[in-house]
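Okay, thanks for making the time, everyone. I've got one model to walk you through, so let me put it up on the screen.

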Amino acid sequence: MKPLNRASAVFVLFLAVSLLMTFPLATGFGSLLRGTDVNALGDPLLNTWTLAWNAHKIASLDFGGLFDANNFTPQRMTLLYSEHLMTQSLLAFPVNRLTGNPVLAYNFAFLLGLVLSAFGVYLLVRRLTGSAGSGVIGGLIYAFCPFLTAHYYQLQIVSA
């Protein structure tokens, strides 16, 4: 199999496993958030708001006031009270702008974080061992290990 075809197949495999592991998220990608209780839902709501705030600032090209978010007024630099999620915001920005749906943008960043984490470990293990099979196993172990699945409600950990 050609390397590009193999990499594409592995990427699709990680996408399929991610959709399966986060079920029922795929049934309501634009309206559901990962988290089944009040404690787990707090971070997805905060992270969704953060992605929407960053998308607003990126779209208006107002980077001077990026960290002066619209919460905790009149305090300044309030975006820095938590993770600013700038990398995830850049990944989710096109979805946020095209759809205007911050939940869909959050779920896109969440799913992309899982898939890219698994794929990154696949590439690393394949490079170190020379074995594509070992890379697939390594990617699956990393992205779907108990520690990470217990923290699926934290976008910053999923995207690590």
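I'll start with the whole chain, then go through the helices, the loops and a few odd spots in the backbone.

Quick housekeeping before that: this is a predicted model, so local features need pLDDT of at least 70, side-chain atom pairs count only at pLDDT 80 or more, and totals for chains, interfaces and linings use all residues. Residues are numbered from 1 along each chain as its sequence is written, and side-chain values use heavy atoms, with hydrogens and water left out.

So, the big picture. The protein chain has seven helices and zero strands, where helices (H or I, at least four residues) and strands (E, at least two) are DSSP runs, numbered from the N terminus. Read from the N terminus, the order is α-α-α-α-α-α-α. Along the principal axes, the C-alpha atoms fill a box of roughly 55 × 35 × 25 Å. Of the 160 residues, 39% are buried; that word means under 20% relative accessible area, with exposed being over 50% and partly exposed in between (1.4 Å probe, protein chains only). As for contacts, meaning heavy atoms within 4.5 Å, take those between residues at least 6 apart in sequence: 62% of them join residues at least 24 apart.

Now helix 3, which covers residues 86–99. How does the span of its 14 residues work out at 1.5 Å a residue? The expected span is 1.5 Å times one less than the number of residues, which gives 20 Å here, and the end C-alpha atoms are 19 Å apart, so that agrees. There is a kink, though: about 50° at Ala 92, shortly before the proline Pro 94. That bend is the angle between axes fitted to the seven residues ending there and the seven starting there. Ala 92 is also one of the buried residues of helix 3, along with Met 86, Gln 88, Ser 89, Val 95 and Asn 96. Just after the helix, Gly 100 takes a positive phi of about 70°.

Next, a helix pair. Two packed helices are described by the angle between their axes and the distance between the axes. Helix 4 (residues 102–129) and helix 5 (residues 132–143) pack at about 145°, with axes 7 Å apart. Those axes are lines fitted to C-alpha atoms, for helices over the stretch in contact, and angles run from 0 to 180 degrees between N-to-C directions. On the helix 4 side, the residues that meet helix 5 include Leu 114, Val 121, Tyr 122 and Arg 126. Their partners in helix 5 include Gly 135, Gly 138, Gly 139 and Tyr 142.

Staying in helix 4, have a look at Val 103. Buried or exposed, would you say, for Val 103? Buried, with a relative accessible area of 18%. Leaving aside neighbours within four places in sequence, Val 103 is in contact with Phe 29, Gly 30, Ser 31, Leu 32, Leu 33 and Thr 48.

One of those contacts, Leu 32, sits in the loop between helix 1 (3–21) and helix 2 (38–60). Leu 32 is partly exposed, at 33%. Besides Val 103, Leu 32 touches Pro 24, Leu 25, Thr 27 and Asn 107, not counting residues up to four places away.

Pro 24 is in that loop between helix 1 and helix 2 too, and brings us to the odd spots. Most residues other than glycine have a negative phi, and most peptide bonds are trans. Here, a cis peptide bond joins Phe 23 and Pro 24, with omega about 15°. Then Met 77, which is not a glycine, has a positive phi of about 60°. Leu 85 also has a positive phi, near 50°. Met 77 lies in the loop between helix 2 and helix 3, and Leu 85 is found in the loop between helix 2 and helix 3 as well. Met 77 is partly exposed, at 36%, whereas Leu 85 is buried, at 4%.

Last thing, charges. How many salt bridges does a search of the whole structure find? One, counting a side-chain nitrogen of Lys or Arg within 4 Å of a carboxyl oxygen of Asp or Glu. The side chains are those of Asp 68 and Arg 76, at 3.1 Å, N to O. Asp 68 is partly exposed at 22%, and Arg 76 is exposed at 59%.
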